[in-house]
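Visitor: I am in my first year, and I would like a close look at a single part of this structure. Could you take me slowly through the salt bridges?

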Amino acid sequence: MNRYFFYLIATNMLVNVIVWVPKILLRERFDGAVMAILVGILIGTILLFLFVPAINKFPNLGIPEILEETPGLFRFSFLTLFSIMWFLAGVITLLSFVDHLVEFVNPEMPSLLLIILYLILVILALRYLKASKLLYALEILLVLNVPLIFVIMYQAYTNEYLTIDSMLEVGTHFFEMPSWSAISSVTYIFSGYANLVIFNRVFNKKISMKLLAVIPFIAIGNLFTSIFIPIGIWGADGVGELAYPWTSTADTLSIEYGPVERVITIFILLYVSITTMSILIHWHVALEMVKSMANVKKAGKIKRAVTDWGVLLIFGIISVLLEMMTTNKSIAVLSEIWLDIRFPFEVVLVIFMFFLARRKKA
């Protein structure tokens with residue numbers, strides 16, 4: 001099962017490169033973004049190495065089962081807060097996804113109709129796919145997408161317009177102090193591990209610590225690629241004008257003798273599949289937390305079905321309302337606020353799991 005843990009990490013890394021992280025770091029490229037990458041990687045690595053050994057102490061158990069021995073009010077409050085955080089992770093990704101498609105695929109496409117159709121597919125998938133099936137689907141999509149990722153990376157690194165001087169110019173601001181938002185965005189690259197609060201139910205073996213040692217190095221490559229490639233292509237000043245840095249960067253790349261000339265086509269295919277899985281994973285975690293509060297595990301089949309449909313319908317209604325109320329700029333603001341709040345929540349989660357594991361050992 002170790003490979004599925006890596007898939008959760010990889011999905012989080014990929015979706016954040018596409019949506020949130022580059023936008024925030026590129027905005028602060030002269031104001032501490034480079035230092036934020038190093039500080040964020042250090043913090044993310046520490047949280048990773050604290051959380052995984054802790055969750056390893058509870059094989060086949062999710063956070064709802066781990067908290068069964070705690071007071072009822074504490075358990076309810078804890079699961080409520082964190083289910084909201086996971087739901088927001090999915091809905092913000094969904095809003096950005098719809099905005100992307102309208103912006104780069106068809107500007108005349110009605111975004112409200114698009115999000116409703118997409119929500120129908122997501123809700124049906126969440127209702128009928130269990131955690132293990134979601135992980136199998138994630139594995140298939142990542143295997144299919146790895147060649148696309150390598151194609152995009154190759155075209156980006158070999159692009160004739162890639163300017164090293166622009167990258168070095170940003171690098172000269174290494175000692176600028178990073179902001180909270182920049183560090184928060186970097187640490188979220190690692191946050192795929194937190195999905196184990198539910199997916200650990202299907203992990204019957206301990207996650208190898210050797211696997212963890214590889215993740216920080218992948219994160220370094222991921223972050224420096226996602227930040228410095230757009231800078232190298234658009235310039236240290238010009239890159240700040242981009243609403244979606246990597247989508248715009250992909251739009252400048254082409255494969256001269258390939259079956260698909262424009263890399264943006266490959267990028268959109270990659271984006272759709274990775275984003276879909278990210279939303280499914282986050283909402284599955286949120287759904288399972290809500291269901292555990294409703295204590296449906298021992299309930300009849302009808303009550304479980306009603307609970308599933310009811311919670312998913314609420315997810316859909318909130319998503320549609322947010323789509324009607326937000327714009328491109330407000331989605332970006334909402335995303336950044338959520339990232340800033342998520343960081344301390346994640347630290348609390350890791351510390352809490354660490355002490356629970358220590359208590360069990362004792």
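Guide: What follows looks at the salt bridges, after a short word on the chain as a whole.

This is a predicted model, in which local features need pLDDT of at least 70 and side-chain atom pairs count only at pLDDT 80 or more, while totals for chains, interfaces and linings use all residues. Residues are numbered from 1 along each chain as its sequence is written, and side-chain values use heavy atoms, with hydrogens and water left out.

The chain has 15 helices and zero strands, where helices (H or I, at least four residues) and strands (E, at least two) are DSSP runs numbered from the N terminus. Of its 362 residues, 55% count as buried, a word that means under 20% relative accessible area, with exposed meaning over 50% and partly exposed in between (1.4 Å probe, protein chains only).

A search of the whole structure finds nine salt bridges, each being a side-chain nitrogen of Lys or Arg within 4 Å of a carboxyl oxygen of Asp or Glu. One of them joins R201 and E65, whose side chains meet at 2.9 Å, N to O. This pair links distant parts of the chain, for R201 lies in the loop between α10 (196–199) and α11 (209–234), whereas E65 lies in helix α4 (residues 63–66), and the two are 136 residues apart. R201 counts as partly exposed, at 23% relative accessibility, while E65 is buried, with a relative accessible area of 15%.

Another salt bridge is formed by D308 and R127, with 3.5 Å between the closest N and O atoms. Here too distant parts of the chain are linked, since D308 belongs to helix α14 (residues 301–325) and R127 to helix α6 (residues 111–128), 181 residues apart. D308 is buried, because its relative accessible area is 6%.

The residues of these two pairs also belong to a wider arrangement, for E65, R127, R201, E288, K291 and D308 are linked in a network of salt bridges.

A further pair can be set beside them: R27 forms a salt bridge with E28, and the closest N and O atoms are 2.7 Å apart. In this pair R27 is partly exposed, with a relative accessible area of 42%, whereas E28 counts as buried, at 10% relative accessibility.
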